[in-house]
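Trainee: Could you pick one part of this model and go through it slowly with me? I'd like to follow the thread outward from there, with the cut-offs spelled out as you go.

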Amino acid sequence: MADSTQAQAGARVLDVAALGKRVALPSGELTILDDVGFHVERGDTVAIVGASGSGKSTLLSLLAGLDVPTSGEVVLDGQPLSTLDEDGRAQVRAEKVGFVFQNFQLLPSLTALENVMLPLELRGDADVREPAEEVLREVGLGERLGHYPRQLSGGEQQRVALARAFVTGPSLLFADEPTGNLDTHTGEHVIELLFAMNANAGTTLVLVTHDDHLAARCRRVLRLDGGRLVAGA
């Protein structure tokens, strides 16, 4: 499989060192993450687990450069994110990162096809329609290209989100509770599709989940407790 072969190559796509996130509250400083460090090999599959409030989603935001840490460093595909401004981090995401969210985050005014074309357009690609159509056919939505999100079921919307995430050929895919808004049967179908597409593309997958069954599908599991990494580093 592509994921195991690439993981064995030993190239790191993500390096995290002494990462911390603290926020000031009227009652004092709140530590959300404290001295978190690990690395992810190219082609690996990694689950981040922990109780609600353990810092999972905050960690994912820091890894993707959507937020900035109070301390420590994230190096994404060789690029230290701390050396970049907001525009620079956005450029790295556009070139290297795909996202799948619990609530899909599709633009309601765009069709399924237009939602998938959007990241290619933002990247400045000349050809956006053909690759978008191809990946939508891959997720089984070739007959739903012109449908708007409101005309699609939850499972179909998440499949559009998967197509949007993979269409740019990202080095790294971040998934935040990708089945959180789906029933069990639909969620299992989406996860099978996610792992199949990830293996075929040789993408590195980092997902946040509260589902131990889903986490067990990943090669590595990182467990957070009270903002600290307690297992899997």
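Mentor: Sure, let's start where E1 and strand E2 (residues 28–41) pair up: they run antiparallel, over 10 bridges. Two strands count as paired if DSSP finds at least two bridges between them. Strand and helix labels are DSSP runs numbered from the N terminus, with at least four residues for a helix (H or I) and at least two for a strand (E). Before going further, a word on what you're looking at: this is a predicted model, so local features are used from pLDDT of at least 70 and side-chain atom pairs from 80 or more, while totals for chains, interfaces and linings take in all residues. Numbering runs from 1 along each chain as its sequence is written, and side-chain values rest on heavy atoms, with hydrogens and water left out.

Back to our strands. E1 and E2 make a hairpin, with 2 residues between them. Across that pairing, Arg12 stands opposite Glu41 in E2. While you've got the pairing on screen, keep a general rule in mind: in a regular strand the side chains alternate between the two faces of the sheet.

Now stay in E1 and slide along to Lys21. The side chains of Lys21 and Asp67 meet in a salt bridge, 3.4 Å from N to O. That term is for a side-chain nitrogen of Lys or Arg within 4 Å of a carboxyl oxygen of Asp or Glu. Lys21 is in strand E1 (residues 12–25), while Asp67 sits in the loop between helix H2 (56–63) and E4, so the pair links distant parts of the chain, 46 residues apart. How do the two ends compare in accessibility? Lys21 counts as buried, because its relative accessibility is 11%, whereas Asp67, at 29% relative accessible area, is partly exposed. For those words, the cut-offs are under 20% relative accessible area for buried, over 50% for exposed, and partly exposed in between (1.4 Å probe, protein chains only).

The general idea is a familiar one: side chains of opposite charge can pair when their charged atoms come close. In this model there are 12 salt bridges, and a couple of others make a nice contrast with the one we just did.

Take Glu133 and Arg129. Their closest N and O atoms are 2.8 Å apart, in another salt bridge. The two residues are 4 apart in helix H5 (residues 129–138), so about one helical turn separates them. The accessibility is split here as well: Glu133 counts as buried because its value is 19%, and Arg129 is partly exposed at 48%.

Then look at Arg144 and Glu156, whose side chains meet in a salt bridge at 3.0 Å, N to O. Arg144 lies in the loop between H5 and H6 and Glu156 in helix H6, so this pair ties together parts that are 12 residues apart in sequence. On accessibility, Arg144 is partly exposed at 22%, while Glu156 is buried, with a relative accessible area of 15%.

One arrangement goes beyond a pair: Arg42, Asp77 and Lys96 are linked in a network of salt bridges. Asp77 deserves a second look for its backbone too, having a positive phi of about 50° although it is not a glycine. Where is Asp77? In the loop between strand E4 (71–76) and strand E5 (79–80).

If you're collecting odd backbone angles, add Phe104, which is not a glycine either and has a positive phi near 70°. Phe104 is in the loop between strand E6 (97–101) and helix H4 (112–123). Despite that loop position, Phe104 counts as buried, since its relative accessibility is 9%.

Last stop: Thr45, in strand E3 (residues 45–49). Thr45 is buried too, at a relative accessible area of 5%. What does the Thr45 side chain have within reach? A polar atom of that side chain lies 2.9 Å from the backbone nitrogen of Arg219.

Definitions and conventions
A polar contact is a pair of N or O atoms within 3.5 Å; within protein, one must be able to donate a hydrogen and the other to accept it, and residues adjacent in sequence count only if both atoms are side-chain atoms.
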